[in-house]
Amino acid sequence: MADFPSGVWRYPTEIRFGVGEIDKLADACGDAGIRRPLIVTDAGLVRNSMITGARDDLQDSGMAAEVFSRVRGNPIGANVLEGAEMFRDGDFDGVIGFGGGSALDVAKAIAMAAHQERPLFELHVRSGGPAAIDGSKIAPIIAVPTTAGTGSETGRASLITEEEVHEKRIFLHAKMMPTIVIEDPQLTVGLPANLTAWTGIDALAHCFEGFCSPELHPFSDGVALEGMRLIKEFLPRAVEDGRDLEARGMMLAAASMGSTAFQKGLGAIHSLSHPVGARFDTHHGLTNGVFFPYVIAHNRDVIADKCARISAYLGLKKSGVDGVMEWILDLRKAFDIPHTAKELGVDPDRVDEIAAAAEKDPSTGSNPKPMTASDMATVLRNALEGTLD
Ligand SMILES: [Fe+2]
């Protein structure tokens with residue numbers, strides 16, 4: 001791998017990128033001031049040699065590392081509370097989030113919540129918010145993504161479902177941004193083709209919705225455009241051949257760029273995806289893939305200029321909204337993403353309830369045009385029926 005590019009990027013946080021970077025995890029802990037790291041990972045990864053090897057390496061370096069893996073997809077408050085208890089009981093002083101988006105989100109939430117005085121669900125953005133969080137009690141975080149999608153490794157937020165009310169809650173604090181991110185393309189090689197595609201579509205939705213958000217943030221716009229270009233070039237390659245390290249590496253970069261881009265906000269793809277995921281436990285990236293074209297269609301009249309820039313920069317076959325729409329539909333078809341929300345398992349009798357939750361979702365405020373619950377219901381019905389005009 002001598003010719004594989006590597007690098008250290010310090011925007012938006014320190015990213016140590018390259019094949020073999022994971023072998024220097026103990027150094028990263030030292031640099032982040034962590035001596036007793038709690039590794040937080042997905043239940044499905046706990047016996048994987050990536051995790052056992054990392055734990056053994058840390059222990060060999062004299063660190064009291066242990067693993068917490070009671071993390072489910074679409075993670076819930078109980079996952080965070082249990083991990084926070086282990087963190088306190090074991091006297092850990094830092095967290096290593098090692099896995100997919102769920103593991104990273106739970107890791108960041110554990111680091112934030114373990115030593116707060118207030119209960120977890122008084123700290124999310126629709127309750128006390130960042131002002132209610134004592135930043136001095138947030139433990140340092142190292143993030144090691146094993147999927148290229150959520151971008152949680154380069155974000156200050158964590159999404160956790162409040163199980164009592166089936167709502168995804170956002171926890172946000174500047175100190176929840178990982179201190180160091182390790183992006184080693186080898187860690188994503190084992191990801192199956194369908195998860196590669198779905199997580200990649202999530203990264204694309206982050207870049208696209210960030211770019212189309214009306215907020216002023218030229219830095220994010222530049223990152224979003226190049227992120228979309230990388231995804232166009234490398235996601236089909238990563239899905240086709242999981243061992244293509246260049247494609248895997250560029251998708252890791254694109255995923256981190258996606259979450260950097262959505263510092264501008266997201267939009268209705270995510271507004272709909274969040275309540276659907278919280279109710280039907282559907283994969284977040286797959287759910288975004290289903291709603292993607294229906295939201296483009298709904299926003300069509302206000303995103304013409306943005307889509308013209310996307311189609312020009314990416315060299316799409318057609319220009320403007322039509323070009324972006326065709327590209328997204330082609331990608332969905334190539335990745336076997338269902339065309340309708342019915343195929344995803346969304347119950348048509350719950351349209352009004354989902355639409356009401358979607359209107360209240362924090363992503364709605366940055367959709368390119370204002371959306372009411374009635375607008376959300378229209379888009380959701382279109383998605384259930386497969387109607388694109
Ligand atoms: Fe997302």
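Two strands pair if DSSP finds at least two bridges between them, and strands here are DSSP runs of E of at least two residues, helices runs of H or I of at least four, both numbered from the N terminus. By that rule, β6 and β9 pair in the parallel sense over 2 bridges.

A word on ground rules: this is a predicted model, where local features need pLDDT of at least 70, side-chain atom pairs count only at pLDDT 80 or more, and totals for chains, interfaces and linings use all residues. Residues are numbered from 1 along each chain as its sequence is written, and side-chain values use heavy atoms, with hydrogens and water left out.

**Around β9**

Strand β9 (residues 180-183) sends Ile 180 and Ile 182 one way and Val 181 and Glu 183 the other, and all are buried; buried means under 20% relative accessible area, exposed over 50%, partly exposed in between (1.4 Å probe, protein chains only). Strand β2 (residues 14-17) also runs parallel to β9, joined by 4 bridges. Val 181 turns up as a partner for both neighbours: Ile 15 bridges to Val 181, and Ala 143 bridges to Val 181.

Past β6 (141-145), the loop leading to β7 (157-162) holds Thr 147. Thr 147 is buried at 12% relative accessibility. Setting aside neighbours within four places in sequence, the contacts of Thr 147 (heavy atoms within 4.5 Å) include Gly 99, Thr 188 and Leu 252.

**The iron site**

Asp 202 (OD), His 206 (NE2), His 270 (NE2) and His 284 (NE2) are the protein donors of the iron ion, at 2.1 to 2.2 Å. Donors are N, O and S atoms within 2.8 Å of the metal (3.2 Å for Na, K and Ca), and water is not among the atoms, so sites may look incomplete. Angles among the 4 donor atoms span 84 to 169°, making the site irregular: four donors count as tetrahedral if all angles lie between 85 and 135 degrees, four count as square planar and six as octahedral if opposite donors are over 155 degrees apart and all others between 65 and 115, and anything else is irregular. Along the chain the donor spacing reads D-x3-H-x63-H-x13-H. His 270 sits in helix α8 (residues 268-280) and His 284 in helix α9 (residues 284-299), so this pair ties together parts 14 residues apart in sequence. Both of these histidines, His 270 and His 284, are buried.

**Cysteines**

With a disulfide taken as a pair of cysteine sulfur atoms within 2.5 Å, the count is 0.

| Cysteine | Nearest cysteine sulfur | Relative accessible area |
|---|---|---|
| Cys 207 | Cys 212, 11 Å | 0%, buried |
| Cys 212 | Cys 307, 5.1 Å | 4%, buried |
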